[in-house]
Amino acid sequence: MSRALADALDKLLITPGPSAATLFTPAQRRELDRFARHTGALRLSTQGRGASYLLIDAALARAHLSALRPTAIEELDASLPARANNIARMRDSKGRAHIHGTGYLLLKAIGEAVTWQRGDGAKVDISAGTALSGAAAIAIETGDGWHTDAPIWLVENQALFDRLDWLPKDAHGSIVYYGGQLSRLLLDWMAQRVRSSRIVFFPDYDGVGLLNYARLREKSIAPVEFWLMPDWEERLRKYGSNRVWQNTRKDFSAALLRLETVEMPLEVKVLCQAMAEQGLALEHEAVWL
């Protein structure tokens, strides 16, 4: 199913007479040319440097549009979730932008008396929730008021979230597990207001982790600190992986370019230099070794 063809046919059907080719994107023009060849329902006319499309068989065009787009745009309920909207329009939940409007922070308290405040003044005791059920969750939306006065520790892999004995003894705040890639929603949420006193970011020391760090530095209003595990130089030399380095090398190069624009801290620059010189990456579970 072609979204480009559906959008192009929609334009043709609402505009009587010839439609200038310049009204359509290159992808739409390619689909219209293919549709014209296969069905004969459309004619492309050229005059001088200009070109236009003229529908010869509007009924056939409507039938094709109905097959591509089961429900007309104007008939859709504006309150539908984006993915349901996409199914109605394109028979595919991912047919258009399908980022969920709500995300969920999976978090634990580090220490006692860790609270989060909502924009309306309501408070949640994360320490009590962690003690009761092992973890807590907060539903977030880009424009909400959720924030905490304590630091947020962001960790990439679940093992670091499950066991907290690797944390510095004076650590306090909330630890959040983000599962490999920072979502666009989380980054946009961080960009809307100061969500904590600081963000302590502890990813794998590889291209993906560094690129996520660059993205977070670009977006977050709160200060972002890249956490380096104790004796990381020795751990990188002893436990670093060339395979992981090679697999994430493109992300590493992209991260360096982006970090140059956000004043990369000296300690992160030293880490990147060591990784590049040794051709090694270090997964952050090495903190226990």
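**An exposed loop residue, a nonpolar core and helix H12**

At 66% relative accessibility, Glu112 counts as exposed, because the cut-off for that class is over 50%. The model described here is predicted. Glu112 sits in the loop that joins strand S4 (103-110) to strand S5 (115-117). Beyond its neighbours within four places in sequence, Glu112 is in contact with Ser127 and His172. His172 lies 60 residues from Glu112 along the chain. The C-alpha atoms of these two residues are nevertheless separated by 8.2 Å.

The interior was examined next. In soluble globular proteins, nonpolar side chains tend to be buried together. The largest nonpolar core of this model holds 64 residues. Within that core, Leu154, Trp166 and Tyr205 touch the most other members. Residues up to four places away in sequence aside, Leu154 touches Val176, Tyr178, Leu182, Met190, Ile199, Val200, Phe201, Phe202 and Leu216. A second core is separate and has 16 residues, among them Ala41, Leu55, Ala61 and Leu68.

A charged residue is also found inside. Arg215 lies in helix H8. Arg215 is buried, yet has no salt bridge. Its nearest side chain of opposite charge belongs to Glu218, 6.4 Å away. That distance is outside the limit, because a salt bridge requires a side-chain nitrogen of Lys or Arg within 4 Å of a carboxyl oxygen of Asp or Glu. Apart from neighbours within four places in sequence, Arg215 is in contact with Gln181, Leu182, Ser183, Arg184, Leu187 and Arg258. Leu182 is thus in contact with Arg215 and is also touched by Leu154.

Helix H8 (207-219) also takes part in the packing of helix H12. Helix H12 covers residues 266-278, 13 residues in total. At 1.5 Å a residue, H12 should span 18 Å. Its end C-alpha atoms are 18 Å apart, which agrees. In H12, the buried residues are Val268, Leu271, Cys272, Ala274 and Met275. They lie on the same side of H12, because they cover an arc of only 160 degrees around the axis. An α-helix has 3.6 residues a turn, so residues three or four places apart point the same way. Leu266 and Glu277 are exposed on the other side of H12.

The buried residues of H12 pack against several elements. These are helix H8, strand S11 (224-226), helix H9 (232-239), helix H10 (242-247) and helix H11 (249-259). Gly279 follows H12. The phi of Gly279 is positive, near 65 degrees.

Conventions. Residues are numbered from 1 along each chain as its sequence is written. This is a predicted model: local features need pLDDT of at least 70, side-chain atom pairs count only at pLDDT 80 or more; totals for chains, interfaces and linings use all residues. Side-chain values use heavy atoms; hydrogens and water are left out. Helices (H or I, at least four residues) and strands (E, at least two) are DSSP runs, numbered from the N terminus. The expected span of a helix is 1.5 Å times one less than its number of residues. Buried means under 20% relative accessible area, exposed over 50%, partly exposed in between (1.4 Å probe, protein chains only). The arc is that of the directions from the helix axis to the C-beta atoms. Contact means heavy atoms within 4.5 Å. Lys and Arg count as positive and Asp and Glu as negative; His and the chain ends are not counted. A nonpolar core is a set of buried Ala, Val, Leu, Ile, Met, Phe, Trp, Tyr and Cys residues joined through side-chain atoms within 4.5 Å.
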